[in-house]
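Welcome! Open your viewer, get comfortable with rotating and selecting, and follow along one stop at a time.

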Amino acid sequence: MTIEAKVIRSHQREFDCKVIETGELVKATALGNLLKKGDNIVVGDHVYLEEMEQTAEYIIKELKPRVNEIFRVLIRQSKKKVTAANIDYLVIICSSSRPKYVRGILERFLVRAYQWNVEPLVVFNKMDEYTGEEFSIEYEVERLAELNVKCFEISAVDKDYLAEYLDLGLSDLKSLIKDKTSIFVGKSGVGKSETISTLSDGKVNLLTKSVRKIGKGSHTTTWSELVDCEDFYLVDSPGIRSFSMDDIDPDELINYFPDVEKIALKCEFSNCSHLPDNKGCKFYLEHDPDTDEGLMVHSRLESYLTLYEEISNMPYWEKKKKYQ
Ligand SMILES: Nc1nc2c(ncn2[C@@H]2O[C@H](COP(=O)(O)OP(=O)(O)OP(=O)(O)O)[C@@H](O)[C@H]2O)c(=O)[nH]1
Ligand SMILES: [Mg+2]
Ligand SMILES: [Zn+2]
């Protein structure tokens, strides 16, 4: 008899699995031939287990196809290093006060969401301290309108804070992620731990500073864990938090800006850099100075061009270009 289970922790060939039907936690070993060399079963994977009658041990017989994968590319080996699978949401947390809001970090995580094929959710936290002087939450949300990303306005320290600028608040976030598996990302200090604690009604207080240090200090990118927060699940893994984009091929980057790509595809110039001095480039034809229509995509285009420039100047991609 085979049993379906979800992998919640992995240590080399041994896996902690949660049986879907009963919720029981069991340890299982993967068959050697299940995986291609170098690949691994990761947290979030759905597997089929079989219990060995003599030893009462569980063996992973089969890996269910993945809905999506969280990965980085090991560019020199041209290989994907997968750290988690079957993730429902990438919850990108931004601070609305201190540390100050950095649009570029939000953009980087949006790129990852599209690259990984995971739905992004954007959370503006610390709204109890928002003044509107340093950035406008309405503008930041408006510029993402084409992407149809759900944006939330919350205060992790004040459960009763009601959204004032956006349609969605804490209770909406809570019901959306219920029974789903999410990854929480964002710059240090934006309130990831506080938000997770609030969303779990204080039941989960796991991602403390000391726990996170372990991962950082030992330079391991392999551990990752699925945390059961009762109402929802989250995946914690150090590799996911990195802002660095150096594993992305600059020529692929446009695929991860779907709103910009939509217009870029209409640009009549092949190999257009879409820079403002390119006369006739579709981006600037769209821009109507009277209505300001098209300006929002310009703001996204700007982010795209900045990231494109940054990645292209990474030693690896620079070298690759030279020898093409
Ligand atoms: N005023 C206010 N403070 C908050 C809010 N959310 C978090 N904080 C505070 O901001 C500080 C940082 O919050 P954390 O939850 O530790 O931030 P983090 O994103 O987990 O940071 P790292 O673990 O370093 O990545 C703490 O002192 C929190 O109490 C909020 O909504 N409003
Ligand atoms: Mg934290
Ligand atoms: Zn162009």
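A polar contact, a term we will use on this tour, is a pair of N or O atoms within 3.5 Å; inside a protein, one of the two must be able to donate a hydrogen and the other to accept it. Keep in mind that you are looking at a predicted model.

**Stop 1: Ser-155 and Asp-128**

Select Ser-155, in the loop that runs between strand S10 (150-153) and helix H3 (170-177). Is Ser-155 buried or exposed? Its relative accessible area is 2%, so Ser-155 is buried, since buried means under 20%. Now add Asp-128 to your selection: the side chains of Ser-155 and Asp-128 make a polar contact of 3.0 Å.

**Stop 2: ligand 1**

Asp-128 also leads us to the next stop, being among the closest residues to ligand 1, along with Ser-188, Lys-192, Ser-193 and Glu-194. In total, 17 residues surround this ligand. Colour them by class and you should find 8 charged, 6 polar and 3 nonpolar residues in the shell.

Next, show the oxygen atoms of ligand 1 and look for their partners:

- Glu-194 has a side-chain N or O atom 2.8 Å from an oxygen of ligand 1.
- Asn-125 places a polar side-chain atom 3.0 Å from an oxygen of ligand 1.
- Val-190 takes part through its backbone, with an N or O atom 3.4 Å from an oxygen of ligand 1.

If you switch on a surface, remember this: ligand 1 on its own has 660 Å² of accessible area, and the protein covers 78% of that.

Which helix gives the most to the shell around ligand 1? Select H4 (192-199) and H5 (209-217), which each supply at least two residues. H4 gives the most, with 3 residues.

**Stop 3: the zinc ion**

Now jump to ligand 3, a zinc ion. Show Cys-267, Cys-272, His-274 and Cys-281 as sticks: the SG atoms of the cysteines and ND1 of the histidine are the protein donors, 2.1 to 2.4 Å from the zinc. Why is the arrangement tetrahedral? The 4 donor atoms subtend angles of 101 to 118 degrees around the zinc ion, and four donors count as tetrahedral if all angles lie between 85 and 135 degrees. Along the chain, the donors follow the spacing C-x4-C-x1-H-x6-C. Both Cys-272 and His-274 are buried.

**Stop 4: Asp-45**

Finally, select Asp-45, in the loop between strand S3 (25-30) and strand S4 (46-51). Asp-45 counts as buried, at 0% relative accessibility. Look for two partners here: the side chain of Arg-66, in a polar contact of 2.7 Å with the side chain of Asp-45, and the backbone nitrogen of Val-42, 2.8 Å from a polar side-chain atom of Asp-45.

Definitions and conventions:
Residues are numbered from 1 along each chain as its sequence is written. Chains are lettered from A and ligands numbered from 1 in the order in which they are written. This is a predicted model: local features need pLDDT of at least 70, side-chain atom pairs count only at pLDDT 80 or more; totals for chains, interfaces and linings use all residues. Side-chain values use heavy atoms; hydrogens and water are left out. Donors are N, O and S atoms within 2.8 Å of the metal (3.2 Å for Na, K and Ca); water is not among the atoms, so sites may look incomplete. Four donors count as tetrahedral if all angles lie between 85 and 135 degrees; four count as square planar and six as octahedral if opposite donors are over 155 degrees apart and all others between 65 and 115; anything else is irregular. Buried means under 20% relative accessible area, exposed over 50%, partly exposed in between (1.4 Å probe, protein chains only). A residue is near a molecule or strand if one of its heavy atoms lies within 4 Å of it. Accessible areas come from the Shrake-Rupley method with a 1.4 Å probe; for residues, only the protein chains shown count as cover. Helices (H or I, at least four residues) and strands (E, at least two) are DSSP runs, numbered from the N terminus. Ala, Val, Leu, Ile, Met, Phe, Trp, Tyr, Cys and Pro count as nonpolar, Asp, Glu, Lys and Arg as charged, and the others, Gly among them, as polar.
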